[in-house]
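Hi there,

Here is the structure I promised to pass on. Have a look at it first, and my notes follow below.

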Amino acid sequence: MSDDIPFNKTFDFEPDTVKAVAPGVRAVVANNPSPFTFKGTMSYIIGRGKVAILDPGPDDDAHVAALLDAVRNETVSHIFVTHTHRDHSPAVPKIKAATGAKVYAEGPHRPARPIHVGENTARLDASADMDFKPDVALKDGEVVSGDGWTLEAITTPGHTANHMAFAFKEADLIFAGDHVMAWSTTIVAPPDGAMSDYMASLRKLARRPEPLYLSGHGAPIPEARRYVQFLIRHRQGREASILHRLGKGAADIPTLVKAIYIGLDPRLTGAAALSVLAHLEDLVARGVVATEGPPSIAGHYRLAELPLPAA
Ligand SMILES: [Zn+2]
């Protein structure tokens with residue numbers, strides 16, 4: 001569905017088994033594979049002896065046990081969370097209870113924009129961890145250090161409003177969460193996600209020097225800066241496809257999905273529709289596309305009239 005991006009779908013991990021992935025970083029993959037989570041959620045252990053855990057993962061007792069087993073005889077001093085989807089943060093209370101570590105994240109779950117009247121938010125409620133609350137709310141650029149590691153918080157909204165990536169200074173890498181992944185593009189689905197935020201967050205990472213990313217799902221990403229450029233160009237291409245189709249006449253979202261996504265996994269049709277809605281929200285906000293009322297999943301869309309040149 002996106003042959004313009006050099007995806008890497010190899011994955012050399014056993015579920016709930018600890019494995020070293022970079023200097024000072026070990027990973028434990030949760031056994032929660034799905035079309036949205038690939039082979040499962042990656043929980044990371046940072047440092048050695050006195051460690052941090054990043055993204056404890058889903059509320060799955062086997063995964064919690066595997067993660068705690070991986071750090072037996074070590075002290076967990078910090079817990080970091082990239083975002084509050086149910087495959088990333090619900091194991092926090094159990095890991096916190098077992099270790100006494102403080103929890104660091106951007107903030108609780110929240111939509112990227114107000115919910116429209118009549119909008120079906122069932123999918124959002126199912127995917128979000130509404131119970132999550134960090135002990136320490138981090139701001140962009142804030143630095144947290146432990147024994148032998150230093151993490152810099154990087155706000156990266158788009159996938160969720162509270163998404164945060166973390167630069168691991170000593171290893172010159174970024175924990176990218178679900179914002180940048182090797183196996184797939186990121187779901188940007190309103191009202192949880194926002195395309196304008198997502199693009200700004202990609203451009204923000206593109207300006208950074210770190211060459212290696214470790215993601216919430218899938219394999220590590222070497223040459224990450226180049227990869228981020230592919231992701232930016234891919235979304236620009238999607239936007240161009242939407243505008244091209246609207247250039248032939250007004251259309252609703254199912255029509256746009258059919259025109260744009262060739263060979264789409266049918267299980268991802270709903271996600272594709274929301275992704276198109278995310279683009280349309282951005283295009284309407286920029287005055288390029290018009291619709292009646294706020295952009296909605298059931299709306300009809302057309303190219304906006306060009307403004308008259310100033311007299
Ligand atoms: Zn997510």
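Let me start with a spot in a loop: Pro191 sits in the loop between β11 and α4. The peptide bond that leads from Pro190 into Pro191 is cis, and its omega is near 5°. Please keep in mind as you read that this is a predicted model.

Two other loop residues caught my eye for their backbone angles. Asn73 belongs to the loop between α1 and β5, and its phi is near 70°, a positive value in a residue other than glycine. Is Asn73 buried or exposed? With a relative accessible area of 78%, Asn73 is exposed, since the cut-off for that word is over 50%. Glu223 also has a positive phi without being glycine, near 50° in this case. You will find Glu223 in the loop between β12 and α5 (224-246), and Glu223 too counts as exposed, with a relative accessible area of 54%.

Now to the sheets. One is an open sheet of seven strands, in the order β1-β2-β3-β4-β5-β6-β7, and its pairing is mixed. The strands at its edges are β1 and β7 (136-137); each has a single partner strand, so one side of each has no neighbour in the sheet. Further in, β5 (residues 75-80) and β6 (residues 102-105) pair in the parallel sense, with three bridges between them. If you want a place to look, Phe80 has Tyr104 in β6 as its bridge partner.

Two helices go with this sheet. Helix α1 packs on it and touches β1, β2, β3 and β4, with a direction that makes about 160° with that of β2. Helix α2 lies across β4, β5 and β6 and runs at about 155° to β5.

How do these two helices meet? The axes of α1 (residues 61-70) and α2 (residues 92-99) come within 10 Å of each other and cross at roughly 35°. The crossing is right-handed. On the α1 side, the contact is made by Asp61, Val64, Leu67 and Leu68, and on the α2 side by Lys94, Ile95, Ala98 and Thr99. Sorted by type, the residues of this contact are five nonpolar, one polar and two charged.

The other sheet is open as well and has five strands, in the order β8-β9-β10-β11-β12, again with mixed pairing. Its edge strands, β8 and β12 (212-215), each pair on one side only. From one strand to the next, the twist averages 25°. Inside this sheet, β9 and β10 run antiparallel and are joined by five bridges; Thr155, for example, has Met164 in β10 as its bridge partner. Helix α4 (residues 195-206) lies across β9, β11 and β12, at about 145° to β9.

One residue of the edge strand β8 (residues 143-145) that you might click on is Ser145. Ser145 is partly exposed, with a relative accessible area of 46%. Which residues does Ser145 touch, leaving aside neighbours within four places in sequence? Those contacts are His78 and Thr150. As for distances, Ser145 and Val28 are 117 residues apart in sequence, and their C-alpha atoms are 22 Å apart in space.

Finally, the interior. As a general rule, nonpolar side chains in soluble globular proteins tend to be buried together. In this model, the largest nonpolar core has 29 residues, and those with the most contacts inside it are Val25, Tyr44, Phe80, Phe166, Phe168 and Phe175. The elements that give two or more residues to this core are β1 (18-22), β2 (25-29), β3 (42-46), β4 (50-54), β9 (150-155), β10 (164-168) and β11 (173-177). Phe175 is a good one to zoom in on: not counting residues up to four places away in sequence, Phe175 touches Val25, Tyr44, Ile46, Leu54, Leu151, Ala165, Phe166, Phe168 and Leu214. Apart from the largest core lies another one, of 24 residues, which include Val188, Met195, Ala206 and Phe230.

Happy browsing, and best wishes

Conventions
Residues numbered from 1 in each chain as written. Predicted model: local features only at pLDDT ≥ 70, side-chain atom pairs only at ≥ 80, totals over all residues. Heavy atoms only, no water. Axes fitted to C-alpha atoms, helices over the stretch in contact; angles between N-to-C directions. Helix = DSSP H or I, 4+ residues; strand = E, 2+ residues; numbered from the N terminus. Left-handed = near helix turned anticlockwise from the far one by under 90°. Contact = heavy atoms within 4.5 Å. Nonpolar A, V, L, I, M, F, W, Y, C, P; charged D, E, K, R; others polar. Core = buried A, V, L, I, M, F, W, Y, C linked by side-chain atoms within 4.5 Å. Buried < 20%, exposed > 50% of the residue type's maximum accessible area, 1.4 Å probe, protein only. Pairing = 2+ DSSP bridges.
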